[in-house]
Amino acid sequence: MQSSTNRYSPVDLEFKWQKRWEQLGLHRTPEPSQNRSENFYALSMFPYPSGNLHMGHVRNYVITDVIARVQRLKGKRVLHPMGWDAFGLPAENAAIERGVDPAQWTEQNIGQMREQLKRLGLSIDWDREFSTCEPTYYRWTQWLFLQFFDAKLAYQKEANVNWDPIDKTVLANEQVNNEGRSWRSGAIVEKRKLKQWFFKITDYAENLLSDLTSLEGWPERVRTMQANWIGKSVGAEIDFDLIDSNLNTDSLRSKIKVFTTRPDTLYGVSYLVLAPEHPLVDQLTSIEQKKQVSEFQSMVAATSEQDRLADDRPKSGVALGGMVQHPITKEALPVWIADYVLPDYGTGAVMGVPAHDERDFSFALKYNLSIKTVVVPANPIAADDQPVTNINSEPSSAYTELGLLINSAEFNGMAGEEAKKAIIDKAEQAGFGKAKVTFRLRDWLISRQRYWGCPIPIIHCDECGAVPVPIDQLPVKLCKPGDNIEKVECPKCARLASRETDTMDTFMCSSWYFLRYTDATNKNLPFTKENASAWMPVDQYVGGVEHAILHLLYSRFFTKVLSNRGLVNCDEPFKQLLTQGMVQATTYRNPNSQKYISPANIGDPLDPTDPDTGEKLEILYEKMSKSKYNGIDPSVVINKYGADTARMFILFKAPAEKDLEWDDADVEGQFRFLQRIWRLCQNALEKGISLSNTTKNEIRNTSNADKELRRAIHGAIQAISEDLSGEELQFNTAVSELMKLNNALSTNFDQADPSIIQEGLAILLKLLAPFAPHLADELWLQLGGERSVHQQCWPIADSSALERDTITIVLQIKGKVRGNLEVAADIDSSKLEELALASEEAKKWLDGKNPSRVIVVPGKLVNLVP
């Protein structure tokens, strides 16, 4: 095949096509069909406008773009929008540092990132673009808040909350990591008691958990993460009466409610433990213990929840001096506070059952508390493998499994679940307890004490309490720091009142944005049910797994609430979810100081040393980051190789859900591949091959070589179609199939019938179009194709072209592969056996003897057993 002198110059070519697509309105969303199956909603998690696009963004948006383009070629009406998650602390802090308004900073960053995104050739409908900090958007966030308020799902209460001392705002539990640090600032979170706004997400805990089973298109690990966060526990709530002759029962609580998943161990309770923050602590603390209790409370307040719950951390506590009565035995039990009990889990009080809980066992040993064995194995065996005979002696460790009850009055001999049920039944009959289900999930704290967020549309009136701002007065505009909050008129009684000064958690804005895209220009409603029904749920959602709990859980909650209020007709927002892996790059780190070193300061990248200390450096692959000096600016890659090369590399290098290791050589490899496609099409032009009459030329594949080429062409259609459909999208193997097809066409270019080359080129460019859209459209035009390649139909494999006259059969002898047989595709088993026995391989390995058995697997193999 001869090469053309016409060179592939991607940058100019890509600018040309991006402008042409915009002029044609090629990516505008069509009117949806009334048949939901004919519509397709492709969505990437929208970005925070930091001002700079990074390779993680590129991977996310290119994946979604390929999906959107494939669905358009398949005849679907596609919604593929983009917007900006623009409120939040980073913008506010950045603006403060620069002495500018956050709105100005955000708008500048959006403009910069929009242009960067457009350079990728994404098929986004920019007519539906919005930013969450625009009044035309946050007006509807406030409207939705009022929907929750009206449904009694929004409320204000005083609570112990997570306080970020750097960002000076409250955080939801989900925004504190497993080290007790703020998800944004990294500061150790403090506990403060403040009056805050909450959403009753716990009312939906059971639905959020049970409906995970319906999300078959979601990764299993995301569903598991959400299930663990919701944390359903089934057990009983038991009341323990306080013992206090001076207790004033008219004004103080007389019971402690304890939740337990092991009611079968009730007879083994030897003490109760409260969270140091429990409201009954003061009431139960004796005069003698007040100083010690107060000091312990202060110590715990400075400890993160994660440290308090850590398995390897010794558990500490203090006796209050107060006592409670066991509900069955009437025994007096001491009450303690301990660091391992949290106020927001269960009731903030737990039964101390040392013989059957490892944490309680350690605590009891430390403070010399009673240990009562009430459960033993059904067939108890000691450590020396001898039957246990003295089951009433104090145990040397906690037995935490289900078993037979002992020392439990009428319940002795009962086992496991039967014992649990029997003791719960007794508690309910006697009135000291009941069956109970609890969840680890806490209500969603949405208040934030910062300016750059959506204002909460509530007016506080001394007479009427919390009053919603009337809908026709929305949006409540941002109130800048330092502004005097003027008194406003109460909508109910017309007295002077004050507006709420807290703003909403930014996850409020992102918990419904996908609905706004369905009706982005509506000035009267956030969206109509008709438009939402036409597009929702999102068919394919793409984003990082780091949002598994925060954004994805909140979005599910929002959708369920709106469904219950009749605003949407789906109760799950995302049908299929793809969580793409991180983009990593080579990183150099000093193993002693843990300091990262810039590649620019390293002499030999194969044997790197610290330029300051001379110490040998570690070579790692880590997530791209400025702080690690391993980031790659997408614009540098695009300026050198073009957007199509960047797209091809990001899709080919690794499966979408796996981490991707950046390699300049692999980027260069994809550029060379696109150049090979370019040269193939230039040679087709020189040979006079045109796509303008593809359907008019009859395929005349009479030779075996022509048949093989057509099989390769239609095999590529079949393989790539399978890679790009279903729940597990395989972009990397689809690119591999494109390479195979290009190789097949190039290798056979001079010998094959021109009609087959013509057919192959048309199919190659259609299959290439979602991956390298600029190049595909350019070559389609050059070869005389009608309209844009993106306005064509996705090719369908010709089943007759995939049929084979002959097939290759594996020949096994003595259990090992000894050769192959090329036979007719329709050969029967007896003939196949005959050919196998007559083969040279059979003669050689059987030494002229007949096999004892012949195993024939039609279409696959023949196994000759001596």
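1. A word to start with: two strands are said to pair if DSSP finds at least two bridges between them. Please keep in mind as you read that this is a predicted model. With that in hand, look at the open sheet whose four strands follow the order 4-3-5-15, with antiparallel pairing. Its edges are strand 4 (169-171) and strand 15 (444-445); each has a single partner strand, so one side of each is left without a neighbour in the sheet.

2. Staying with this sheet, strand 3 (residues 154-164) and strand 5 (residues 190-199) run antiparallel and are joined by 10 bridges. If you would like a pair to find by eye, take N160, whose bridge partner in strand 5 is K193. Helix 5 (residues 135-150) lies across strand 3 and strand 5, and its direction is at about 90 degrees to strand 5.

3. Another open sheet of four strands has the order 29-28-31-30, and here the pairing is mixed. Strand 29 (816-824) and strand 30 (853-857) are the edge strands, each pairing on one side only. From one strand to the next, the twist averages 20 degrees. Strand 30 is joined to strand 31 (residues 861-865) by five bridges in the antiparallel sense. Within that pairing, V856 has V862 of strand 31 as its bridge partner.

4. Next, follow strand 9 (residues 317-325), which runs antiparallel to strand 6 (residues 232-243) and is joined to it by three bridges. Here I243 stands opposite M323 of strand 9. Strand 9 also pairs with strand 10 (residues 332-338), in the antiparallel sense and over six bridges. In strand 10, the residue opposite G317 is A338. Strand 9 and strand 10 form a hairpin with six residues between the strands, and in this hairpin K330 takes a positive phi near 65 degrees.

5. Now for a pair of helices. Helix 7 (residues 220-230) packs against helix 16 (residues 550-564) at an angle of about 75 degrees, and their axes are 11 Å apart. Since angles of 65 to 115 degrees count as roughly perpendicular, that is the description that fits helix 7 and helix 16. Helix 7 contributes V222, Q226, W229 and I230 to the contact, while helix 16 contributes L552, L553 and R556. Sorted by character, the residues of this contact are five nonpolar, one polar and one charged.

6. What about the nonpolar interior? In soluble globular proteins, nonpolar side chains tend to be buried together. The largest nonpolar core in this model has 93 residues, and W662, F731, L761 and L768 touch the most other members. Helix 2 (residues 55-73) gives the most to this core, with 10 residues. L768 is a good place to look around: beyond its neighbours within four places in sequence, it is in contact with M648, L674, I677, L738, L775 and A776. There is also a second, separate core of 86 residues, and W229, Y451, L562 and L577 are among its members.

7. Three single residues are worth a visit, beginning with T579. You will find T579 in strand 23 (residues 574-579). Is T579 buried or exposed? Its relative accessibility is 3%, so it counts as buried, the limit being under 20%. Setting aside residues up to four places away in sequence, T579 touches P219, R221, V222, G543, G544, V545, A656 and E657.

8. Y621 belongs to strand 26 (residues 618-623). With a relative accessible area of 35%, Y621 is partly exposed. Its C-alpha atom is separated by 6.9 Å from that of E661, a residue 40 places apart from Y621 along the chain. Apart from neighbours within four places in sequence, Y621 is in contact with Q584, A585, T586, E661 and W662.

9. Finally, N109 has its place in helix 4 (residues 102-118). The relative accessibility of N109 is 2%, and this residue therefore counts as buried. Not counting residues up to four places away in sequence, N109 touches P49, S50 and G51.

Note on methods. Residues are numbered from 1 along each chain as its sequence is written. This is a predicted model: local features need pLDDT of at least 70, side-chain atom pairs count only at pLDDT 80 or more; totals for chains, interfaces and linings use all residues. Side-chain values use heavy atoms; hydrogens and water are left out. Helices (H or I, at least four residues) and strands (E, at least two) are DSSP runs, numbered from the N terminus. Buried means under 20% relative accessible area, exposed over 50%, partly exposed in between (1.4 Å probe, protein chains only). Contact means heavy atoms within 4.5 Å. Axes are lines fitted to C-alpha atoms, for helices over the stretch in contact, and angles run from 0 to 180 degrees between N-to-C directions. Angles under 35 degrees count as roughly parallel, over 145 as roughly antiparallel, 65 to 115 as roughly perpendicular and the rest as oblique. Ala, Val, Leu, Ile, Met, Phe, Trp, Tyr, Cys and Pro count as nonpolar, Asp, Glu, Lys and Arg as charged, and the others, Gly among them, as polar. A nonpolar core is a set of buried Ala, Val, Leu, Ile, Met, Phe, Trp, Tyr and Cys residues joined through side-chain atoms within 4.5 Å.
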